[in-house]
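Got your viewer open? Let's take a walk through this one, a stop at a time.

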Amino acid sequence: MCAEKREPREPRGALPTQAGVVGGGRMGAGIAHALLLAGSAVTLVEQDAPAAAGARDRVTRAVAGSVERGLVADADAVLTRLTTATDPAELREAGLVIEAVPEDVDLKLVTLRAIEDAVAPGAVVASNTSSISLDTLAEALARPERFLGLHFFNPVPASRLVEVVIATATAPHLREQAVAWVEALGKTAVVVRNAPGFASSRLGVALGLEAIRMVEAGVASAADIDAAMTLGYGHPTGPLRLTDLVGLDVRLGIARYLERELGPRFSPPDLLVRLVEQGRLGRKTGRGFYDWSE
């Protein structure tokens with residue numbers, strides 16, 4: 001017998017008592033961590049048992065880091081509110097579910113359909129996509145008015161920003177609700193209309209691609225270009241170091257998507273393509289524009 005889907009009831013502005021995250025990689029685990037620290041119980045869904053165990057380990061390490069920084073007194077008390085699962089049906093009690101799977105349109109469409117099938121009709125479904133059109137993703141849903149973008153930034157615990165993306169069909173009241181949720185997480189919301197790359201990725205990728213072209217042309221080293229932006233313009237991280245942190249493969253995928261949608265100014269440099277082909281993806285592989293092996 002299937003469990004009845006009960007309608008989530010939460011005070012306006014308060015984070016849902018029960019929340020869900022689908023995809024437990026670096027971003028998904030970070031989002032789950034943020035929700036846990038804000039007081040929600042979180043169900044974190046992954047594709048199989050080993051991936052779910054890895055996701056739990058990532059969240060556990062993040063919570064331990066919060067204890068070390070004095071943000072949390074008792075890690076066990078926080079982690080008792082974390083459940084990992086491999087079946088989206090475990091999301092049935094969630095008032096908010098955030099999809100955080102890799103930037104692949106087909107994968108996101110399948111994932112969003114599975115989430116909507118699992119949750120109550122009044123639950124809000126959000127995507128953490130950094131560039132894919134929300135209107136394209138909304139085509140997967142029977143209730144697109146309950147769908148919007150919540151684009152978190154990497155690393156989630158340290159980042160103070162969440163981009164709230166409003167799709168064409170998003171119910172008007174969800175804008176206010178989403179901003180209140182972001183504030184409850186201790187972060188700042190910027191609200192943007194759905195468009196390729198939104199605001200942050202479109203500008204950030206444009207800067208990163210030009211920095212890569214400068215390295216490719218021998219204008220300056222990666223370190224010197226980054227220093228020019230951190231010391232000269234006050235950026236907290238240079239565009240090439242940030243590319244390493246995000247992942248060169250991720251940046252390449254976004255660039256190709258924006259090139260299709262917005263034209264050749266987002267055409268990826270040959271250097272970026274070659275580095276990805278060589279497996280130099282940044283910090284996660286130990287080498288990108290910088291050496292991360294140590």
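Select residues 124-127 to begin: this is strand β5, and four bridges join β5 to β4, with the two strands running parallel. For one of the contacts, click on E99 and then on S127, its bridge partner in β5. Keep in mind as you go that the model is predicted.

Next, colour β4 itself. Which residues of β4 are buried on each side? L96 and I98 are buried on one side, and V97 and E99 on the other, so both faces of β4 are covered. This is the pattern to have in mind: in a regular strand the side chains alternate between the two faces of the sheet.

Now add residues 18-22, which make up strand β1. β1 and β4 (residues 96-99) pair in the parallel sense, over four bridges. Two places to click along this pairing: G20 stands opposite V97 in β4, and V21 stands opposite I98 in β4.

Stay on V21, but look towards β2, where the bridge partner of V21 is L44. β1 and β2 are parallel too, and they pair over five bridges. Select residues 41-45 to light up β2: five of its five residues are buried. On one side you have A41, T43 and V45, and on the other V42 and L44, so both faces of β2 are covered.

Time to zoom out. In what order do the strands of the open sheet come? There are eight of them, arranged β3-β2-β1-β4-β5-β6-β7-β8, and the pairing is mixed. At the edges are β3 (82-85) and β8 (188-193), each of which pairs on one side only. Turn the sheet in your viewer and look for the twist, which averages 25 degrees from one strand to the next.

Select I166 next, in strand β7 (residues 161-166). Is I166 buried or exposed? It counts as buried because its relative accessible area is 18%, and buried means under 20%. Show its surroundings: leaving out residues up to four places away in sequence, I166 touches L148, R175, V191, V192, R193 and N194. Then try a distance: I166 and F198 are 32 residues apart in sequence, yet their C-alpha atoms are 9.9 Å apart in space.

On to a helix. Select residues 222-232, which is α8, and highlight A222, I225, D226 and M229, its buried residues. Look down the axis of α8: these buried residues fall within an arc of 95 degrees, so they line one face of the helix. The spacing helps here: an α-helix has 3.6 residues a turn, so residues three or four places apart point the same way.

What covers the buried residues of α8? The cover includes α7 (200-216) and α9 (239-246), so show those two as well. Then spin to the other side of α8, where D224, L231 and G232 are exposed. Following α8 you'll find G234, which has a positive phi, near 75 degrees.

For the last stop, pick R283 and W292. The charged end of R283 sits over the ring of W292, 6.0 Å from the ring's centre. How many aromatic pairs does the structure hold? Zero, so you can skip the hunt for them.

Terms used: Residues numbered from 1 in each chain as written. Predicted model: local features only at pLDDT ≥ 70, side-chain atom pairs only at ≥ 80, totals over all residues. Heavy atoms only, no water. Buried < 20%, exposed > 50% of the residue type's maximum accessible area, 1.4 Å probe, protein only. Arc of directions from axis to C-beta. Contact = heavy atoms within 4.5 Å. Phe/Tyr/Trp six-rings, centres within 6.5 Å; stacked < 30°, edge-to-face > 60°. Lys NZ or Arg CZ within 6 Å of the ring centre and 35° of its normal. Pairing = 2+ DSSP bridges. Axes fitted to C-alpha atoms, helices over the stretch in contact; angles between N-to-C directions.
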